[in-house]
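Here is a set of short exercises to work through with the coordinates open beside you. Try each task before reading its solution.

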Amino acid sequence: MAWEVICADDEETKQLGNDEAITSLCEVIKLALLEPTEKLNVKTIPKVRSCLSYGYTCLSLGSCLFIFDENSCLIANVSLENEIDILICLPGAQFLLIGDASGKIHCFHFETKQIILS
């Protein structure tokens, strides 16, 4: 199942808690709104994985990987053959390790925005 970014630049301010209690205001920044490309074929909820690295936010839905920079801009959208099981950001903000359901490990390079090793 493929997923796509619908909206990636929406800010809102929310009040947490109910109206009767003393609460705090909290700024909510919506990084992205993701939607399946084939809405009628969604049969199960995909596995969601995420990790943060120096200036990058990495999010996976099923076999799709989305990488955002520090300005909340989508810099990469990668589709793998198998569902993503784990994301590990390596120290130094250069590489992301991706483990998929078949047991393969992929290495994503942030600077070139490509998988450089599988």
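**Exercise 1. Cysteines**

Decide whether Cys-89 is buried or exposed, and find how many disulfides the structure holds.

*Solution.* Start with accessibility, remembering that this is a predicted model. Cys-89 has a relative accessible area of 19%. The cut-off for buried is under 20%, so Cys-89 counts as buried. Cys-51 can be handled in the same way: its relative accessible area is 12%, and Cys-51 is therefore buried too. Next, look for sulfur pairs. A disulfide is a covalent bond between the sulfur atoms of two cysteines. The test for one is a pair of cysteine sulfur atoms within 2.5 Å, and the count for this structure is zero.

**Exercise 2. A strand and its two neighbours**

Work out which way the side chains of strand 7 point, and which residues stand opposite Leu-59 and Cys-64.

*Solution.* Begin with the strand itself, which covers residues 64–68. In a regular strand the side chains alternate between the two faces of the sheet. Here, Cys-64, Phe-66 and Phe-68 point one way, while Leu-65 and Ile-67 point the other way. Now add burial: five of the five residues in strand 7 are buried, so there is cover for the residues pointing either way.

Then take the neighbours in turn. Strand 6, residues 56–61, pairs with strand 7 in the antiparallel sense over five bridges. Within that pairing, Leu-59 has Phe-66 as its bridge partner. These two strands form a hairpin with two residues between them, and Gly-62 in the turn has a positive phi of about 65 degrees.

On to strand 8, residues 74–79: strand 7 pairs with strand 8 over five bridges, again in the antiparallel sense. Ser-79 of strand 8 is the residue opposite Cys-64. Strand 7 and strand 8 form a hairpin as well, with five residues between them.

**Exercise 3. Unusual backbone angles**

Find where Ser-72 and Lys-113 lie, and say what is notable about the phi of each.

*Solution.* First recall the background: most residues other than glycine have a negative phi. Ser-72 is in the loop between strand 7 and strand 8, and its phi is positive, near 65 degrees, although the residue is not a glycine. Its relative accessibility of 22% makes Ser-72 partly exposed.

Now move to Lys-113, in the loop between strand 11 and strand 12. Lys-113 has a positive phi of about 60 degrees and is not a glycine either. With a relative accessible area of 41%, Lys-113 is partly exposed.

**Exercise 4. An open sheet**

What is the strand order of the open sheet of four strands, and which strands are at its edges?

*Solution.* Follow the pairings across the sheet: the order is 9-10-11-12, with antiparallel pairing. Strand 9 (84–89) and strand 12 (114–117) each pair on one side only, and these are the edge strands. From one strand to the next, the twist averages 35 degrees.

Look next at the inner pair. Strand 10 (residues 95–100) and strand 11 (residues 105–109) run antiparallel and are joined by five bridges. In this pair, Ile-98 has His-106 of strand 11 as its bridge partner.

Finish with the loop between strand 9 and strand 10, where Pro-91 lies. Pro-91 is exposed, at 71% relative accessibility. Pro-91 and Ser-53 are 38 residues apart in sequence, and their C-alpha atoms are 7.7 Å apart.

**Exercise 5. Aromatic rings**

How many aromatic pairs are there, and which residues form the aromatic cluster?

*Solution.* The count is two aromatic pairs. Take Tyr-56 and Phe-110 as one of them: the ring centres are 4.2 Å apart with 5 degrees between the planes, and the pair is stacked. Tyr-56 belongs to strand 6 and Phe-110 to the loop between strand 11 and strand 12, so this pair ties together parts that are 54 residues apart in sequence.

For Phe-108 and Phe-110, the centres are 5.7 Å apart and the planes stand at 75 degrees, which means the pair is edge-to-face. Phe-110 takes part in both pairs, and Tyr-56, Phe-108 and Phe-110 form one aromatic cluster.

The last step is burial. Tyr-56 is buried at 19% relative accessibility, Phe-110 at 1% and Phe-108 at 0%.

Technical notes: Residues are numbered from 1 along each chain as its sequence is written. This is a predicted model: local features need pLDDT of at least 70, side-chain atom pairs count only at pLDDT 80 or more; totals for chains, interfaces and linings use all residues. Side-chain values use heavy atoms; hydrogens and water are left out. Two strands pair if DSSP finds at least two bridges between them. Axes are lines fitted to C-alpha atoms, for helices over the stretch in contact, and angles run from 0 to 180 degrees between N-to-C directions. Buried means under 20% relative accessible area, exposed over 50%, partly exposed in between (1.4 Å probe, protein chains only). Rings of Phe, Tyr and Trp (its six-membered ring) pair if their centres lie within 6.5 Å; planes under 30 degrees apart count as stacked, over 60 as edge-to-face and the rest as tilted.
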